[in-house]
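Colleague: I've got a model open on my screen and I'm new to this. Could you walk me through how to read it?

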Amino acid sequence: MNPLLFPLDSATSLTKNFLEKTQYEEGKMVIHTFPDDETSIRIDSDVKDRVVILLATLDRPNDKIIPLYFAAETARALGAAEVGLVAPYLAYMRQDTQFHPGEGVSAKYFAGFLSQYFDWLITIDPHLHRFHSLSDIYTISTTVLHAVGPIADWIAQQVDKPLIIGPDEESEQWVANIAQKINAPYITLKKTRNGDRSIMVMLPSLERYKNYTPVLVDDIIASGNTMIEPLKQLKLADTKSPICIGVHAVFAGSAYEDLLKAGATKVVTCNTIQHVSNGIDVSSVIAQALDKW
Ligand code: R5P
């Protein structure tokens, strides 16, 4: 029998597009919040002996964790054959080491938590930096999908003579791949992070790319500073108006508006997190990965 899909948020473009593209049956689940802010889950679909897939993107994770955990446990208590998690954005991946004495490594603890309640996990471009694979910290089966295909398609269709720019060395993995797919040049910058919101980057001479449109590409846009610093320098270098692309539209506070103010003509993201900047649909990437059913 086909799996049952339970989106924690049915209203997102990712969920709608995914359900349109596939034969998935949407399960019926009610998440109720009591006056004291406690949560109860009721699953109205028959999940006995079926594969249950919870679809939940995990930005701003803390409020989502209890409903997710209760939903997984409720499905299991009602006899689900297996419970998997599709998390288009996977939280807590950036806290991947002890940065200061006394701190814990949240990425490991979060991985331990999810590994306890799910049989498998599928996600898109998790922030793998000090950990090279999710299996370094997750004990369940994990699948990592990539948004480079849809991003490359978007750039090829929308941007004339793009110069792909990775704002830091870690971004090389995406920008090199995208540049290769669309046969465009790319560079990566050197970033030094001095704090949550304090960043320095070095922009090389772009003289030979005068006729190109700079396209900054990164996995996560959070405070926006990783892109704001290069934007300021691109302005000084008098390049064509730059475009910013992020896989995950985390956008803390006024980050989106700040990027536009700093000189981005356009800020475009994938719909792994619902946001006004979503212009690149990645539902087919997930649909392909779940094709085995
Ligand atoms: C970290 O290295 C990531 O790849 C991103 O560059 C980072 O998460 C962006 O964060 P922010 O927008 O706060 O500079």
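Modeller: Sure, starting with a definition: two strands pair if DSSP finds at least two bridges between them. Helices (H or I, at least four residues) and strands (E, at least two) are DSSP runs, numbered from the N terminus. This is a predicted model, where local features need pLDDT of at least 70 and side-chain atom pairs count only at pLDDT 80 or more, while totals for chains, interfaces and linings use all residues. Residues are numbered from 1 along each chain as its sequence is written, and side-chain values use heavy atoms, with hydrogens and water left out.

Colleague: In which sense do strand 3 and strand 4 pair?

Modeller: Antiparallel: strand 3 (residues 29-33) and strand 4 (residues 39-43) share five bridges. Methionine 29 stands opposite isoleucine 43 in strand 4. This hairpin has five residues between the strands, and aspartate 37 takes a positive phi near 75 degrees there.

Colleague: What is the order of the open sheet that holds strand 1?

Modeller: That sheet has six strands in the order 2-1-5-6-7-8, with parallel pairing. Strand 2 (25-26) and strand 8 (141-145) are at the edges with a single partner strand each, so one side of each has no neighbour in the sheet. Further in, strand 6 (residues 82-87) and strand 7 (residues 120-124) pair in the parallel sense over four bridges, and alanine 87 stands opposite threonine 123 in strand 7.

Colleague: And the open sheet with strand 9, what is its order?

Modeller: Another open sheet of six strands, ordered 10-9-13-14-15-16 with parallel pairing. Its edge strands are strand 10 (186-188) and strand 16 (278-280), each pairing on one side only. Strand 13 (residues 213-221) and strand 14 (residues 243-249) pair in the parallel sense over six bridges, with valine 215 opposite isoleucine 243 in strand 14. Helix 4 (residues 148-158) packs on the sheet, touching strands that include strand 9 (162-166) and strand 15 (266-270); touching means contact, with heavy atoms within 4.5 Å.

Colleague: How do I read two helices, say at what angle helix 2 and helix 3 cross?

Modeller: Axes are lines fitted to C-alpha atoms, for helices over the stretch in contact, and angles run from 0 to 180 degrees between N-to-C directions. The axes of helix 2 (residues 62-77) and helix 3 (residues 106-117) come within 10 Å and cross at roughly 25 degrees. That makes helix 2 roughly parallel to helix 3, as angles under 35 degrees count as roughly parallel, over 145 as roughly antiparallel, 65 to 115 as roughly perpendicular and the rest as oblique. Among the residues that meet are Leu68 and Tyr69 in helix 2, and Phe113 and Leu114 in helix 3.

Colleague: Last one: how many residues surround the ligand?

Modeller: There are 16, and the closest are Arg94, Asp218, Asp219, Ser223 and Thr226; a residue counts if one of its heavy atoms lies within 4 Å. Threonine 226 has a side-chain N or O atom 2.5 Å from an oxygen atom of the ligand.

Definitions and conventions. Polar contact = N/O pair within 3.5 Å; in protein donor to acceptor, adjacent residues only side chain to side chain.
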